[in-house]
Amino acid sequence: MEILKLLFLILILVGGYFIYIKFNKPVIASFKDRNDFYLYKDISAKSIALGKNEKKLYVGSSDNSIKIIDFDTGLPIQILEGHTDSVNSVVLNRENSKLFSASSDKSIKVWNLSDGTLLKTLTGHDSEINALVLSLDEKYIFSASNDKTIKMWRLKDKKLLTTFKGHEGAINAIDISKNGDYLVSASDDKTVKIWNIKSGVLLHTLEGHKEEVNVVIIDNKRGRVISGSNDGFIKFWSLKEGKFLFSIEQELLMIQSLALTKDENQLVFGTGCYVAGHSNVFLWDLKSNKLLKRSNEKFGWVKNLIITQDKRVILSYSDIKIFDFEKEKVVQSIQGNKSAVSAVTINQQGTLTAIGLSSGDIHIWNNKTEEHLNILKGHKNSISALKITKDNRRLISSSFDTTIKIWNLKSGKELKNLIGHHASISSMVISSDEKFILSCSIFHDNEIMLWDTKTAKPIITFHKHKEPIRDLLISKDNSFMITASCDNSIKFWELKSGKFIKSFDKHQNDVISLAMNENNSRLISVDMDKKIFVWDVQSGKILHQFEIDTEPIQRPMYIDDDILYVALRDGTISTWNINNGKFLKRLSLHNHAINSIALSPLSKLLVSSSLGTTLLSSVEENNLTHKEYLLGNKSWVMFDMENKKFIIEGERNFVFKRERGNRTLLSPIMSK
C-alpha cells in the first residue's frame, strides 16, 4: 500500500513538472526578412501611445520607425517601417486594430496592426507634421503641421475635407472635444485657438502666453482648455467662451507635456529647463487646485505623458520611463541598447570571438558551443581594437580611455594595463611574434607608441606625422611598421628604432586604412576618394587600383592569402584578388555601415559588426552562411536552436538569431 502511495506521489510530481515546463517555456516569435536590429540602439522616442488593457506600448521614433513594445517586459514585438523621417505622433483606434502615424516626411500613415502592413498614406502638408488626433467615431483624423495649418481627413476615402488656417507659427499640438464640436490648437505664435469642427470657423484666439505654446488639451469634465508654454505657465480657459480663467506658474521651467488622469480629477505635467538641463513631473489636483506631488527624480525634457489606470505615468524624452507617484520612484525603464559594437576579433581557429562595446565592456564567445564565456570589464570608454593571442590564452584590447589592457581569457582577469597615451587610442596592432604592440592616438597629438608586451612599457614614443594618423600595421617579419595619415602619405619605419625608411605619396586624399599580405610583398591602402591601391612594397609601384562606389570605413580591410576583404558603409563587404586585380564578389551582410571586421584564417569565419549587430559568417567559395548575435539591454543571451538549450549570462536580455534568412526573436530569460 505504501509503495502505491509513493508511486502515486511520483506521478503527481512528474505531471506537475511537465505542466510547469509546458506553460513556462519561452515564447519564440519569428520575423522573416526583417531589418530591425537597430532597435537595440536608443529607443529615440518622439511620441508614445498605450494600447488597450495596457499590454502594448507604441513608440514613434526619430529613426523613422514605429516600435511596438510589450509594456510589462519592455521587449520588442514588432517594428513598422515606411516613413522616411522622424515619427512625431502615433494614435490608436479604439480596438487597437489600426495605428495612425505622422512624420517629418509630411505624411500620415495608417497601419494594420494584425500583420503590420501599411494600409494608407495621406499627403498634403507642406512641412513636417507634429500632432494627430482621431475623431470619436474614428471616421476622421486631424493633423497639425509646421506649415501653420491643421487638416481634417476622411479616412474612408483619404479625402481632405477641411484646412484650418489662422496660426502664424508652427502648430505643436491639437485636441478635440468628446462631443466632436471643438478643435483646439497650440502654436509657436504664442496663441491657442478654438475652432468649430463642422464649419471650420475660428471661434476664439486665446492670447496671454509670452512664449511658444507647446501643448494643449481639453478638460471635457469641466469644459476647459488647458495649455502649457515655454513661459512656464499652464493656463486654463473656458472652452465655449474662450475666456481666461487662471494659471499655474512653474518658475524657470518650460511646460512640455500635459495629461489628465482617467477620472479627469488630476493633471500631470512634464517640464523642461534650460538652466538645469533636466526636468520633473508634477501631479496637480483639479478640485482643490493644489500641487499634490512633484517627482524627486530628474528626467530629460518630458515631451510625452500617458497616465495608466493605476496612475503610473509613462513619460518619454528619448528613453521611456514609468514613474509611480505613490512609490515616488521610477518603476521601469525602456531604454534599448546604449552600447553599440565598436570592435570585433576572432582567433585563428575560429573558435573564439571577442566583441568590444562602446561602453568599454568586452564579450567573449565560444563559436562552437555558442556559449557566452565571459564579460571583461575594466575599460572606461569605447573599445577601438581587439586581438586574441595565438595560444588563445590572452586578449589584448585598446580603448578611447587611452589605455591598452592584456587579459587572461579563461579567468577574465586583467593581467596588465599599458598607460602612456595622452589621447584616445584609435588603432592598435600586434606583431606576429606577439612581442610588440603598436598603437596610435588620433585627432589630438598624433602619438605613436611601441610597447613591449612582457614589461608593459613603451619602447618608442614618437610624433612624426603633422596630420592625424588613421591606421598602422607591423610587417609579418616584424622588421618595420607602416603608418597611414591624413597628410595623404604612407610612411615606413624601422620597428625597434622608429627610424624613417621611406614614404608612398600617390594618394590625393586621407589614407584611412592599410593591410599587408603574409610575405610582406603587397601593401593595400584605401583613401577617402574611394580608391584602393595595391602596392609592390619593394619598388613602391602601384600594381592595381580599384575604385569603389561607396565610401569605406576606417580600418575596413582583411587579407587572407590573396583575397582582400573591404568593408563598406552600405553594410556590404567586397572582395578582390590582389595578384590579378580581379573583383570577386560582394557580400551583403548588414543594412548599415560596418564598423569592424576580422577573419579567422584557419576556419574561414568572418566576423563583422554594425550598429550593435555582430555577424559570424562562414565564408566558402560559392556559399555564405551566417548567424547574427544582438546585444540586449544589459548583457548577452544565446540559444542553441538544435539542442533547444539556453546559455544564460546576466540579467533579463533578448537576442535574435538568423538562420537562412529568417530571424528568430528569443524571449527574455532570467539569470540563474
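Student: What share of the contacts with a separation of 6 or more comes from residues 24 or more positions apart?

Tutor: A contact means heavy atoms within 4.5 Å. In this protein, residues 24 or more positions apart account for 40% of the contacts with a separation of 6 or more. Keep in mind that this is a predicted model, where local features need pLDDT of at least 70, side-chain atom pairs count only at pLDDT 80 or more, and totals for chains, interfaces and linings use all residues. Residues are numbered from 1 along each chain as its sequence is written, and side-chain values use heavy atoms, with hydrogens and water left out.

Student: How many helices and strands are there?

Tutor: Both are DSSP runs numbered from the N terminus: helices are H or I with at least four residues, strands are E with at least two. Here we find one helix and 61 strands.

Student: What percentage of the residues is buried?

Tutor: Buried means under 20% relative accessible area, exposed over 50%, and partly exposed in between, using a 1.4 Å probe and protein chains only. Of the 672 residues, 57% are buried.

Student: Which residues touch the most other members of the largest nonpolar core?

Tutor: A nonpolar core is a set of buried Ala, Val, Leu, Ile, Met, Phe, Trp, Tyr and Cys residues joined through side-chain atoms within 4.5 Å. The largest one has 16 residues, and Ile226, Ile234, Phe236, Leu258, Leu267 and Phe269 touch the most other members. Strand β22 (254-260) is among those that each supply at least two residues; in fact, β22 gives the most, with three. Try finding Phe236: leaving aside neighbours within four places in sequence, its contacts include Ile226, Phe244 and Leu267.

Student: How is a pocket found, and what is the volume of the second largest one?

Tutor: Rolling a probe the size of a water molecule over the atoms shows where empty space is left. On a 1 Å grid over the protein atoms alone, a pocket is an open set of points where a 1.4 Å probe fits, with protein on both sides within 12 Å along at least five of seven lines; lining residues have an atom within 4 Å of a point. Volume is the space filled by probe spheres set on the points, which are joined across faces, edges and corners. The second largest pocket has a volume of about 1,300 Å³.

Student: Which residues of its lining lie nearest the centre of the second largest pocket?

Tutor: Among the 48 lining residues, they are Lys387, Val429, Lys476, Met557 and Tyr558. Strand β50 gives the most to this lining, with seven residues.
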